[in-house]
Amino acid sequence: MNKAELVEAVKKTLGKDTSKAQAERAVEAVVEGIKGGLKKGKPVQLVGFGTFKVASRKARIGINPKTGEKIKIKASKSVKFSAGKDLKSKLK
């Protein structure tokens, strides 16, 4: 599912009185809220769905797959998602 399909699903869920623009703003608001929470370094927990967390990755040595030479990879931050109990049960 891409963003346009998600907007359509939200529009359908909210009912016929909801426009596509309103549904898109709702999706954008949720995404921006998640980004804002993560930017502050806090986990974002949606009960029943899952938790988004900021994870730190240490600096390490890697190998360039084209040349085979060793390269230094800088420390970085990434986002990890852990599925909640309800989401996991829907996937079974």
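1. Two strands count as paired if DSSP finds at least two bridges between them. In this predicted model, strands β2 (residues 50-57) and β5 run antiparallel and are joined by 8 bridges. One residue to look at here is Gly50, whose bridge partner in β5 is Ala83.

2. The β2 and β5 strands belong to an open sheet of 3 strands, arranged in the order β1-β2-β5 with antiparallel pairing. At its edges stand β1 (44-46) and β5 (76-83), each of which pairs on one side only. On average, neighbouring strands of this sheet are turned by 25 degrees against each other, direction ignored.

3. Which helix packs on the sheet? It is α2 (residues 20-39), which touches β1, β2 and β5. The direction of α2 makes about 40 degrees with that of β2.

4. A separate pairing involves strand β3 (residues 60-63) and strand β4 (residues 70-73), which are antiparallel and share 4 bridges. Within this pairing, Ile63 stands opposite Lys70 of β4. The two strands, β3 and β4, make a hairpin with 6 residues between them. In the turn, Gly68 has a positive phi of about 80 degrees.

5. The structure has 2 aromatic pairs. In one of them, Phe49 and Phe81 lie 5.4 Å apart, centre to centre, with 50 degrees between the planes, and the pair is tilted. It links distant parts of the chain: Phe49 sits in the loop between β1 and β2, Phe81 sits in strand β5, and the two are 32 residues apart.

6. Are Phe49 and Phe81 buried or exposed? Neither word fits, because the relative accessible area of Phe49 is 39% and that of Phe81 is 36%, and values from 20% to 50% count as partly exposed.

7. Phe81 also pairs with Phe52: the ring centres are 4.8 Å apart and the planes are at 50 degrees, so this pair is tilted. The reasoning rests on the cut-offs: planes under 30 degrees apart would count as stacked and those over 60 as edge-to-face, with the rest tilted. Here too the pair links distant parts of the chain, with Phe52 in strand β2 and Phe81 in strand β5, 29 residues apart.

8. Phe52 has a relative accessible area of 18% and is therefore buried, the limit for that term being under 20%. Phe49, Phe52 and Phe81 together form one aromatic cluster. In that cluster Phe52 is buried, while Phe49 is partly exposed and Phe81 is partly exposed.

9. Where does Thr18 lie? Thr18 is in the loop between α1 (3-14) and α2. Despite the loop position, Thr18 is buried, because its relative accessible area is 12%. Leaving aside residues up to four places away in sequence, Thr18 touches Lys11 and Ala23.

10. Lys92 is found in the segment after α3 (85-91). Its relative accessibility is 88%, so Lys92 counts as exposed. In sequence Lys92 and Phe81 are 11 residues apart, and in space their C-alpha atoms are 18 Å apart.

Key:
Residues numbered from 1 in each chain as written. Predicted model: local features only at pLDDT ≥ 70, side-chain atom pairs only at ≥ 80, totals over all residues. Heavy atoms only, no water. Axes fitted to C-alpha atoms, helices over the stretch in contact; angles between N-to-C directions. Contact = heavy atoms within 4.5 Å. Phe/Tyr/Trp six-rings, centres within 6.5 Å; stacked < 30°, edge-to-face > 60°. Buried < 20%, exposed > 50% of the residue type's maximum accessible area, 1.4 Å probe, protein only.
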